[in-house]
Amino acid sequence: PLRLSFGEATLDVAPLLRAGGTGTVQQTRIPLRCFTTAGTKLSAVGSPLRIAAPKGFVASIRHVRIEAFDGLLGCPAKAE
């Protein structure tokens with residue numbers, strides 16, 4: 001699993017990244033509602049972004065933004 005945490009909630013985003021393939025540039029959008037549904041209280045976020053991955057995982061993160069998004073996107077599964 002590749003865990004992405006925002007506040008108290010942690011989601012498994014491995015399936016999102018696997019879909020793009022190894023060595024590819026990807027843009028991933030995760031609605032804030034996914035984190036609030038998984039337990040984050042937006043008014044009390046102390047650490048906005050944490051990533052936990054298995055040993056050997058390598059990624060370059062170019063941009064992380066919190067922005068308004070009106071589209072309908074599904075949510076990754078809550079991490080176990």
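The following paragraphs lead the reader through a predicted model, beginning with its sheet and ending at its surface.

The sheet offers a convenient starting point. Three strands form an open sheet in the order 2-1-3, and their pairing is antiparallel. Strand 2, which covers residues 9-12, and strand 3 stand at the edges; each has a single partner strand, so one side of each is left without a neighbour in the sheet. From one strand to the next, the twist averages 25 degrees. As a general matter, the strands of a sheet pair through backbone hydrogen bonds, in either a parallel or an antiparallel manner.

The two pairings may be followed in turn. Strand 1, made of residues 3-6, runs antiparallel to strand 2, and four bridges join them. Two of the residue pairs can be named here: Ser5 has Thr10 as its bridge partner in strand 2, and Arg3 has Asp12 as its bridge partner in that strand. Strands 1 and 2 form a hairpin with two residues between them, and Gly7, in the turn, has a positive phi of about 65 degrees. On the other side, strand 1 and strand 3 (50-52) pair in the antiparallel sense over three bridges. Here Arg3 stands opposite Ala52, while Ser5 stands opposite Arg50. Arg3 therefore has a partner in strand 2, namely Asp12, and stands opposite a residue of strand 3, namely Ala52.

Which residues of strand 2 belong to its covered face, and which to its uncovered one? Ala9 and Leu11 make up the covered face, whereas Thr10 and Asp12 make up the uncovered face. Leu11 in particular has a relative accessible area of 1%, which is under the 20% limit, and so this residue counts as buried. The C-alpha atom of Leu11 is separated by 7.8 Å from that of Ala38, although the two residues are 27 residues apart along the chain.

Ala38 leads into the loop between helix 2 and strand 3, where this residue is found. Ala38 is buried, with a relative accessible area of 12%. Its C-alpha atom is also separated by 10 Å from that of Pro76, a residue 38 positions apart from Ala38 along the chain. Gly39 has its place in the loop between helix 2 and strand 3 as well. Is Gly39 buried or partly exposed? At 35% relative accessibility, Gly39 counts as partly exposed. The C-alpha atoms of Gly39 and Gly7 are separated by 8.3 Å, with their positions 32 residues apart along the chain counted as the distance apart. Gly7 is the turn residue of the hairpin described above.

Aromatic residues provide a further link. The structure holds one aromatic pair. Phe6 and Phe35 form this pair, with 5.5 Å from centre to centre and 45 degrees between the planes. The arrangement is described as tilted because the angle is neither under 30 degrees, as in stacked rings, nor over 60, as in edge-to-face rings. The pair links distant parts of the chain: Phe6 belongs to strand 1 and Phe35 to helix 2 (residues 32-37), 29 residues apart. Both partners are buried, Phe6 with a relative accessible area of 9% and Phe35 with a relative accessible area of 5%.

The final subject is the surface. Which residues form a nonpolar patch there? Leu49, Ile51, Ile61 and Val64 form the patch, and together they have about 360 Å² of accessible area. Ile61 lies in the segment after strand 3. With 52% relative accessibility, Ile61 is over the 50% limit and so counts as exposed. Ile61 thus stands in contrast to Leu11, which is buried.

Conventions:
Residues numbered from 1 in each chain as written. Predicted model: local features only at pLDDT ≥ 70, side-chain atom pairs only at ≥ 80, totals over all residues. Heavy atoms only, no water. Patch = residues over 30% accessible without salt bridge, like charges linked within 9 Å, V, L, I, M, F, W, Y side chains within 5 Å. Areas by Shrake-Rupley, 256 points an atom, 1.4 Å probe, with all protein chains shown as cover. Salt bridge = Lys/Arg side-chain N within 4 Å of Asp/Glu carboxyl O. Buried < 20%, exposed > 50% of the residue type's maximum accessible area, 1.4 Å probe, protein only. Pairing = 2+ DSSP bridges. Axes fitted to C-alpha atoms, helices over the stretch in contact; angles between N-to-C directions. Phe/Tyr/Trp six-rings, centres within 6.5 Å; stacked < 30°, edge-to-face > 60°.
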